[in-house]
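Me: Please take a close look at the cavities in this model for me. Pick one and go slowly through its lining.

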Amino acid sequence: MGMCLMAASSLADFGGNVLSALTAAAGLGFVIFVHELGHFAVARMCGVKCEKFMVGFDFWGLKLSRRWGETEYGIGVFPLGGYVKMLGQDDDPSKAAEQLEASRVEEGSEYGKEVIGPDGQKRLVDRRSYQAKAVWQRMAIISAGVVMNMIFAFIFAFLAFGLGVKYLPCVISQTSPGAPAWQAGLEAGDELVQIGDRRDPSFKHLSSYVTLGDMQTGVAFRVRRRGAGSEEERVLKPKKLDGLAKIGVAPPRSNRFFDDKKGLAALAEKWGLPDVRADDEVVAIGGTAVDSYAGIIAALVAQPTGDIDVTVLRKTPAEQPSAGAGDAPEQRTEVTLSFADRRARTLGLTMAMGPIVAIQQGSPAEAAGLKPGDQIVAIDGESVALAGANGLDPETLGERLAVSRGVIELTIVPEGEDPADTSIIMVTPRPVSWVETPGSGRAPMPLPALGLCYRIEPTVAGVVPGSPADEAGIKPGDQLASVTFINPPVGDNPGKAGKPATIGGKKGVHIPATLDTVKRLREGAQVELKIKRADEVLTKKLTPAVSEESYLAERELAGLLGPILRERVVTSVSEQAAYAADETWFSLTTVVRFVQKLFSQQVAVDKLGGPITILRGSFLTASVSTSEFLLFLTMLSANLAVLNFLPIPVLDGGHMVFLAWEGITGKPANERLAIALQLVGVAMLLSLMLFVTYNDIARLVTGG
């Protein structure tokens, strides 16, 4: 019976994936279809003979097609594109004379029209050919594909909002140490309720406004602080992190386990968790009532060790309603789960502490007068690990000071001063009820109790006796050149081990993120270090040990909590149309601003995606919901509209430039110049396609 159920579940999953893939393919094909339909329809309206209508490119004659009337309709072997072949028209200007000759008619023919070719010679061509049409008609034909994409972007969005659109609100779950949001003192549970002039934005809006925002003057926000009804105005200047401008906030997380039964069950089995269920709602931690992700983290931070009781409200199957009873109300029952503490893992390395790199507004560090560039060398008389010397571990200072009480003494070397010229600063740590991690964007190491963060250098300052690092022969003064994490096998199948992940390379090893990753490794994982020692490069493979002192306050619980989702529900057709128009305009302007920022180097080119990224996005959104997929098609249609209208030869925008020249001068552009520009355009597009495809493959290989 169990095997039958498993087989049925697998079959259902397979069927769902196939349906999502077919839906994605149909959606992509339809976006291309409506673009070509625009060209085709307007060409026919203008009296142009259309010889072929293709969705996809029929390279080497590979296609499925059928002729109706004078037009061949078909699907080409290469699906990412399409074209309409009109009499007397070819995208290749070197074939202009050939096309004119193909559409030529005999002198005196009633179907003829005299045109001027690129060589300046007059020819009599079929009045139904593309070249026989007025410049304004050809402009209408060329621009029709873009116009159709804009129209259907609106239609897709209109349909999506009719179904109801779920979105991530801009509620902050965590800030990245040193990032603009962190420096401004924003905290978990704060909500960005307005960005610029956009009220009630989604996290998608936030990403766009920040990534494509002004890094000099900043982006204006209104912030509703957690637990307060009032709003504050803030201007944050985005900072380039991981190749994109960001303010360093993580997406919103709720107090409910994510609603993915299969994924949740897999995690529960992998992590040895209690009987967790999809959509369980966490209402208490250790007897303390909680109603948000921030509240859950605060309760966990207050009790980092020992087992802890987690009270959840769980859906219970409703009794079969009697006829005419209507929908039965949702029933939930309180269930208590017990989560064990989770000790961190360690290699036994004490790395050298670098200077302070950022100070948080309103923090104890700011009040005490600490500044970026200052170097902390001792706390309450105990030295901090500096290059070549043992001392307090920079990695665990946050945990140490989180439990401190009263005033502490910092010995610092002010920025630019001689190391021997130290100063004493007295500061009172604040209570910490949140978690800060340096896991992304090459973030520095945070010290939440003081509201500062600092660099950690790749120099080994000390080695804990008897630790994995000590047993591997690592010594003070060694330099970490690269770190590779080797994940353990999944379940009982050694062939399903996770992909190794390497940190290092041109930018060097980011030590805070490396140490944070080591802390979170599972049993059986290994770490391979490349060590520079004098003129040698040594390779050491270590198995992290369980720490006796350091704990992960979030335990396993935080990893189970799903996102906050709200829904935009329309109450009238006019409201639906307004939302759709706004979404379409947002998508169009986002593409335009992205291209602008790409040329200004604000957006890293390795963030560009190609056909594989499009296919993945289409499949994933089709797997989520119909409305999500329709919004993806809105974005894709907007992308196609804008990018196709760029003034690049071979694209619609390039043809419009040539037509504008013909309209102004009264004759087509010089053939040799047109051919040269066309070759440049083809080279640019081929290079771009190869580059974005390389990016796609690189992301697949690295799991990005």
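Reply: A cavity here is a set of points on a 1 Å grid over the protein atoms alone where a 1.4 Å probe fits but cannot get out. Points join across faces, edges and corners, and the volume is the space filled by probe spheres set on them. Bear in mind that this is a predicted model, where local features need pLDDT of at least 70 and side-chain atom pairs 80 or more, while totals for chains, interfaces and linings use all residues. Residues are numbered from 1 along each chain as its sequence is written, and side-chain values use heavy atoms, with hydrogens and water left out.

Searching the whole structure turns up two cavities of 30 Å³ or more. Let's go for the second largest, at about 60 Å³.

Four elements give two or more residues to its lining (helices are DSSP runs of H or I, at least four residues; strands are E, at least two; both numbered from the N terminus). The top contributor is α11, with four residues: Ile511, Thr514, Leu515 and Val518. Then come the strands: β20 (349-359) brings Leu349 and Met351, β27 (479-486) supplies Leu480 and Val483, and β29 (526-533) adds Val527 and Leu529. Leu347 is on the lining list too.

What about chemistry? Ten of the lining residues are nonpolar, one is polar and none is charged (nonpolar being Ala, Val, Leu, Ile, Met, Phe, Trp, Tyr, Cys and Pro; charged Asp, Glu, Lys and Arg; polar the others, Gly among them). The polar one is Thr514, which sits in α11 (511-519).

Conventions:
1 Å grid on protein atoms, 1.4 Å probe; cavity = no way out; pocket = protein on both sides within 12 Å on 5 of 7 lines; lining within 4 Å.
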